[in-house]
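Here is a short briefing for a first look at a protein model. Keep the structure open as you read.

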Amino acid sequence: MLPTVAAAEVGFAGPDELAAALESTGYLPDQGLATAAYLALAMHRPLFLEGEAGVGKTALAQALAQITGRPLYRLQCYEGLEASQALYDWDFGRQLLHLRAAEAAHATGDTEKLEASLYDRRFLLARPLLQALEDSPSVLLVDEIDRADDEFEAFLLEVLSDFTISIPEFGTIRAVTPPLVVLTSNRTREVHDALKRRCLYHWLQHPDFDREVAILRRRLPDVTEQLAREVARATATLRTLDLLKPPGVAEAMDWATALHTLGARDLDPDVAARTLGAVLKYREDTERVHAMDRGALFGG
Amino acid sequence: MRDVVDTVLGFARTLRHAGVAASPDRVEAMLAAVGALDVLDATAVYWAGRLTLCGSPDDLERYDAAFTAWFGGEVPRRTRPMQEEKPQLAAMAPLEAGSAAGEESEDVPDVAGRASPDEVLRHRDVAELTVAEREHLRRLFALLVPASPMRPSRRRRPDAHGTVHASRTVRRALHDGGEVTRLLHRRARPRPRRVVLLIDVSGSMGPYADALLRFAHAAVQAHPVATEVFTIGTRLTRVTREMRLRDPDRALAASGTAIPDWSGGTRLGEVLKAFLDRWGQRGTARGAVVVICSDGWERGGTEVLAEQMARLRRLAHAVVWVNPHKGREGYQPLTGGMQAALPSVDHFVAGHSMAAFEELAGVISRV
């Protein structure tokens with residue numbers, strides 16, 4: 001009774017193989033995330049990723065597109081996002097031109113035929129959701145879904161449940177293979193249960209020390225091992241300080257890059273203090289850290 | 001295979017007892033996930049369940065506990081610590097207890113002659129009401145429909161005025177044989193602005209907490225999507241979900257179960273910080289009307305409160321502070337907490353009687 005999906009269809013034998021493939025692109029997932037991505041592929045279920053900003057939610061979609069060799073379509077959500085920006089729109093300008101051209105050619109005899117020709121595929125502008133369905137198989141990234149409003153969530157639900165889009169004037173467009181969908185949220189608001197229920201839910205955490213060092217080394221090969229380790233340790237310490245915005249992996253990378261650009265080979269307290277702007281994004285946080293003992297924070 | 005299904009179903013039951021809503025379709029998804037992974041591998045089963053059955057970070061801790069309990073072979077603990085406090089809620093839910101039994105027979109008939117009982121009741125301090133009067137007030141609360149404040153949204157709708165709606169104009173032109181005969185317009189559609197209610201349920205607010213929660217219930221019922229309710233005391237509890245229950249008494253009972261620190265102390269500053277860290281800064285408080293219902297009785301230091309109130313002010317559209325004691329004659333905001341908070345408050349109102357709640361509803365809708 002349990003549906004099993006052939007590994008060949010997924011392209012990976014299991015979560016471990018998928019993890020290895022992701023690692024080859026420079027994205028280092030932990031076991032939970034690799035399992036989540038594998039199941040999303042095997043079960044054709046959207047993957048709903050939540051977690052602090054800068055833990056690698058968006059980067060995962062890019063890495064998945066790379067290892068599966070599928071094109072990536074990204075939809076950045078914002079309030080007031082409409083169907084015409086997310087699904088499709090008619091190219092009205094060209095339709096008008098077409099109509100005028102037909103008129104000029106005195107081809108207006110058969111009105112029904114003329115009208116049908118107006119709603120041809122070539123006048124249809126595909127937006128990310130439609131593109132992802134047409135160009136199947138693909139990876140669809142719906143970024144920061146929590147920024148969109150409820151109305152958008154409702155019609156996204158429709159698209160994600162059966163991977164079809166019906167256009168009244170044109171017909172129904174269906175994906176040959178369902179796209180691999182990654183939804184991300186920063187939890188600025190609670191996403192509706194109906195949407196979450198259709199997804200695999202994964203909460204992304206900050207990586208542990210070793211993984212963070214590995215990520216820094218992998219992404220920034222020029223940075224010395226020493227600097228990577230010290231930046232990872234200092235970042236981990238900063239995360240325990242109860243800051244307004246604890247730094248994520250992205251901030252750690254920015255910081256390491258900043259330090260490296262200044263020619264640092266290890267984390268010198270003075271240089272660290274001067275480059276704090278790369279990790280801390282609130283005045284209150286910066287002030288707090290400045291007031292603390294730098295030696296204890298940055299390993300002296 | 002049978003065994004796997006039974007085990008998973010049993011686990012789902014345990015999980016539901018632990019407070020994670022593992023609905024049947026989620027359980028089905030877990031079965032499919034287990035099928036796609038290795039059934040005999042404990043970590044694979046762990047992730048298969050966690051990815052499919054959980055829906056928020058709050059679920060994860062409960063899931064972990066339930067997983068060890070079930071797959072570790074222990075008997076799932078059925079009693080949740082919260083259930084032990086259950087008797088407190090209905091019985092000790094402030095308005096029931098501590099009613100002045102003596103004035104029951106004297107007061108009501110007396111005032112009945114002068115004005116309509118409803119009218120008098122509207123202005124009475126809810127802390128001094130009798131049981132019968134409270135019952136009556138409950139019905140008045142049902143009639144209270146707080147209007148929502150509005151804000152312009154990015155979403156636009158067709159309108160007689162406003163900017164030109166190009167696609168509709170051209171679509172019409174297509175119907176008219178390619179001739180643009182008239183311009184169609186659209187303008188921003190107003191949307192309800194989010195209202196966040198933070199209700200102090202500590203001991204000192206006891207007599208008012210029930211009425212305030214009823215007010216919150218009326219607000220949530222009027223605009224379920226745009227209203228959030230939290231209780232503050234020694235800790236922060238989100239009760240929006242419970243408040244969405246139609247019946248006010250059931251909603252109050254449900255939120256009572258969810259509130260672990262009913263009638264405890266107050267750590268306003270720290271709890272406000274918890275709210276801002278976890279919800280407010282992420283978006284719940286952004287551009288919202290934040291209503292804090294508290295007497296400002298702060299057990300901790302007031303610096304934290306002042307700092308967090310300033311932070312809240314920067315995020316929110318407007319900050320309203322409801323203090324039931326303000327309704328008393330000669331009230332001065334002298335408590336340390338109130339002093340610390342007032343510089344960051346836009347509207348300081350009373351919240352001690354039905355009339356005050358109606359006024360509060362007015363303030364919220366106008367800001």
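The points below cover the contact between chains, a helix pair, a sheet and the domains.

This is a predicted model. Chain B touches chain A through 33 of its residues, and these meet 37 residues of chain A. In chain A, 5 strands form an open sheet. In chain B, α3(B) and α4(B) cross at roughly 140 degrees.

**Where the chains meet**

- The contact involves 33 residues of chain B and 37 residues of chain A.
- Several elements of chain B supply at least two residues each to the side that touches chain A. They are α2 (24–36), α3 (42–53), α4 (57–71), β1 (150–159), α10 (166–175) and α14 (268–284).
- The element that gives the most to this side of chain B is α2(B), with 7 residues.
- Sorted by class, the side of chain B that touches chain A has 16 nonpolar, 11 polar and 6 charged residues.

**A helix pair in chain B**

- Two packed helices are described by the angle between their axes and the distance between the axes.
- For α3(B) and α4(B), the axes come within 11 Å and the crossing angle is roughly 140 degrees.
- Why is α3(B) called oblique to α4(B)? Angles over 145 degrees count as roughly antiparallel and 65 to 115 as roughly perpendicular, so an angle between those ranges is oblique.
- The crossing of α3(B) and α4(B) is right-handed.
- On the α3(B) side, the residues that meet α4(B) are B:Ala42, B:Tyr46, B:Gly49, B:Arg50 and B:Leu53. Their partners in α4(B) are B:Tyr63, B:Phe67 and B:Phe71.
- By class, this helix contact has 6 nonpolar, 1 polar and 1 charged residues.

**The sheet in chain A**

- Strands of a sheet pair through backbone hydrogen bonds, either parallel or antiparallel.
- Which way do the 5 strands of the open sheet in chain A pair, parallel or antiparallel? The pairing is parallel, and the strand order is β2-β5-β8-β1-β9.
- The edge strands of chain A are β2 (72–76) and β9 (200–204), and each pairs on one side only.
- From one strand to the next, the twist averages 20 degrees.
- Strand β1 (residues 47–51) of chain A runs parallel to β9(A), and 5 bridges join them.
- One bridge pairs A:Leu47 with A:Leu200 in β9(A).

**Domains of chain A**

- The domain assignment gives domain 1 (7–87 + 127–204), domain 2 (88–122) and domain 3 (209–298) of chain A.
- How far apart are the C-alpha centres of domain 2 and domain 3 of chain A? They lie 59 Å apart.

Conventions. Residues numbered from 1 in each chain as written. Chains lettered and ligands numbered in written order. Predicted model: local features only at pLDDT ≥ 70, side-chain atom pairs only at ≥ 80, totals over all residues. Contact = placed C-beta atoms within 7 Å. Helix = DSSP H or I, 4+ residues; strand = E, 2+ residues; numbered from the N terminus. Nonpolar A, V, L, I, M, F, W, Y, C, P; charged D, E, K, R; others polar. Axes fitted to C-alpha atoms, helices over the stretch in contact; angles between N-to-C directions. Left-handed = near helix turned anticlockwise from the far one by under 90°. Pairing = 2+ DSSP bridges. Domains from an automatic or database assignment.
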